[in-house]
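Here is a short tour for a newcomer. Keep the sequence and the model side by side while reading.

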Amino acid sequence: MTLPDATAREPEFSIVVPLYNTTPFLLQEMVASVQLQTHGDWELVLVDDASPDEHTRETARACAAEDARIVLIELTENRGIAEASNAGIDASSGRFVALLDHDDTLDPRALALVHRAIADGTDIDYVYTDQDVMTDKGHYRIPFAKPEWSPERMLGQMFTSHLSVFRRSLLAEIGPFDTTYNGSQDHDLVLRFTERARGIAHVPEVLYHWRAVPGSTALNGSEKSYAWAAGVAAVTAAVDRRGIDADVSFGPNFGTYAIRHRLAPAVTISVIVAADAGTPRLDALLSSIDADEAADQVVEIIVAVPEGRDPGPLPRRSGRAPVVVVSAPSSERTRLLQEAAVGARGDVLVLISEHVSSLPSNALTLIAGALGEPDVAFAGGRIVFPDHTVKHAGYRRSRNHLRDAFRGWPAGADSTYGALTVNREVTAISSEFAAIDRSAFESVGGFSPSLDGYCAELDLSSKLRSHRHRVLTLCEPVVVSDDTSIPVDELPKAQVKTISRRWGWKGVDPFTP
């Protein structure tokens, strides 16, 4: 390990740690984990928040006396974690500020790998790493393999958490921790910071060990339920700043937030239906569309049926959108949808398979409303089987496979670190029930005629993301599909070659590792 000149005034990293009645041996472990960093260009700023426990102050003083890189600030009155952290940031001098809790520890490689991410990136202002939980016995468990930067998931959950590293100059511009959001002050800060950050980097390595002790959210989130209410307020403020028309409320689990989009009254919808079910069921589906709260914004329903199939009479309620039936030389869903979308005139195309048995009354509002967010062009709803287990909540790509990430999970279940309970960016989504911006769909050429099924959906999503559009999977609306068939495990080799040639094929999904 190389150490910098102790007289250097601007280290690369300032590690800020607020202290309050910290158990001495835990404080010593935390400090030792910083001193063991293989990248030595750092300072450690300890801020004692007027701890009543003299042992905490004595231990902090001893640590600072033994290492010139450790700075100790002793506050004369208790200010709380947000203001104590702000005092540490104000006293720091590093080009980047890293946040570390008083009883947690860093992997020895943490700063070295963050340094590499900054050096290898372009204008990186924010870096986050993976983490795990450390038990009181010193065992590591529940590793959190975080996604690549996912602004939608950040609205639904403070997923970057630890280790978080901020460029100091931008931190000075956007302002310090806001005590209005005490308990979720870190979520508010990251929301504000990433709105301005030029570059964001993720280091996919477990470099932070979050200690589970009584009273810690790492052990039991309900012990800090006040933080949840503060989180709702922080996310609501972010939604308002970004001009997103949505309601924010508590999510299904502690620390998660439900974002329910509204649909602007001026937006028009073309509903595109693929008649791909073995048993015709268009009547029930059309009735659900007519009963939707956004039915008045539907300008047309276009149904694509395979050649030779008689769609039968499709009676319409007075005043509702007309139904147009087109014939297609295929029974495969994406090819049917592509045929039906030609000439559609709505601002938004809502894609629906005939296998979808019915829609909740706010389905069109929620699915099409999500496209009102900046850069979002493609959004899919939660699809469940009749037994209410998950059929689709976004695809996960790995090697030569593309799978439904949480297929078979109970529809109301959580997943490790909440991926199944929040809206989030994904690699690709199913066209069985989704909404897509018509102009974006047309600009990338829609579904490729040389691909079908999973490959066609992956290709469309990839084309959109290559044009800097975002692709989302939503927790709501939830629709039921009667298609219980399971696609073959291997994708067609010829189509995989096409996908590989166009987009490459990485071994780990960036959004659902």
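## A buried serine and its surroundings

Ser 431 sits in a loop, between strand S21 (424–425) and strand S22 (433–437). The model is a predicted one. Is Ser 431 buried or exposed? Its relative accessibility is 0%, under the 20% cut-off, so Ser 431 counts as buried.

The side chain of Ser 431 makes polar contacts with two other side chains, listed here.

| Side chain | Partner side chain | Polar contact |
|---|---|---|
| Ser 431 | Arg 333 | 3.0 Å |
| Ser 431 | Glu 457 | 2.7 Å |

Arg 333 and Glu 457 also appear among the residues that Ser 431 touches, with those up to four places away in sequence not counted. The others are Thr 334, Leu 337, Leu 351, Ile 352 and Phe 447.

## A buried glutamate

Glu 373 also belongs to a loop, the one between helix H11 (363–369) and strand S17 (376–384). Glu 373 has 4% relative accessibility, so it counts as buried. Which residues does Glu 373 contact, leaving aside neighbours within four places in sequence? They are Glu 152, Leu 155, Ile 244, His 261 and Arg 470.

## The second largest pocket

Arg 470 turns up again at a pocket. The second largest pocket has a volume of about 800 Å³. Its lining counts 24 residues, and the closest to the centre are Trp 149, Pro 151, Asp 375, Glu 425 and Arg 470. Helix H5 (151–156), helix H7 (185–196), strand S9 and strand S23 (470–481) each give the lining at least two residues.

## Two helices and what covers them

Helix H1 covers residues 24–35. Its twelve residues, at 1.5 Å a residue, should span 16 Å; the end C-alpha atoms lie 16 Å apart, so the two values agree. Which residues of H1 are buried? They are Leu 26, Leu 27, Met 30, Val 31, Ser 33 and Val 34. Viewed down the axis of H1, the buried residues fall within an arc of 155°, so they line one face of the helix. They pack against strand S1 (13–19), strand S2 (42–48), helix H2 (54–66), strand S3 (70–74), strand S5 (105–106) and strand S9 (199–211).

Helix H3 spans residues 81–91. Its buried residues are Ala 82, Ala 84, Ser 85, Asn 86, Ala 87, Gly 88 and Ile 89. Their cover includes S1, S2 and S3, along with strand S4 (96–99), helix H6 (168–174) and H7. S1, S2 and S3 also pack against the buried residues of H1.

Definitions and conventions
Residues are numbered from 1 along each chain as its sequence is written. This is a predicted model: local features need pLDDT of at least 70, side-chain atom pairs count only at pLDDT 80 or more; totals for chains, interfaces and linings use all residues. Side-chain values use heavy atoms; hydrogens and water are left out. Helices (H or I, at least four residues) and strands (E, at least two) are DSSP runs, numbered from the N terminus. The expected span of a helix is 1.5 Å times one less than its number of residues. Buried means under 20% relative accessible area, exposed over 50%, partly exposed in between (1.4 Å probe, protein chains only). The arc is that of the directions from the helix axis to the C-beta atoms. Contact means heavy atoms within 4.5 Å. A polar contact is a pair of N or O atoms within 3.5 Å; within protein, one must be able to donate a hydrogen and the other to accept it, and residues adjacent in sequence count only if both atoms are side-chain atoms. On a 1 Å grid over the protein atoms alone, a cavity is a set of points where a 1.4 Å probe fits but cannot get out, and a pocket is an open set with protein on both sides within 12 Å along at least five of seven lines; lining residues have an atom within 4 Å of a point. Grid points are joined across faces, edges and corners, and a volume is the space filled by probe spheres set on the points.
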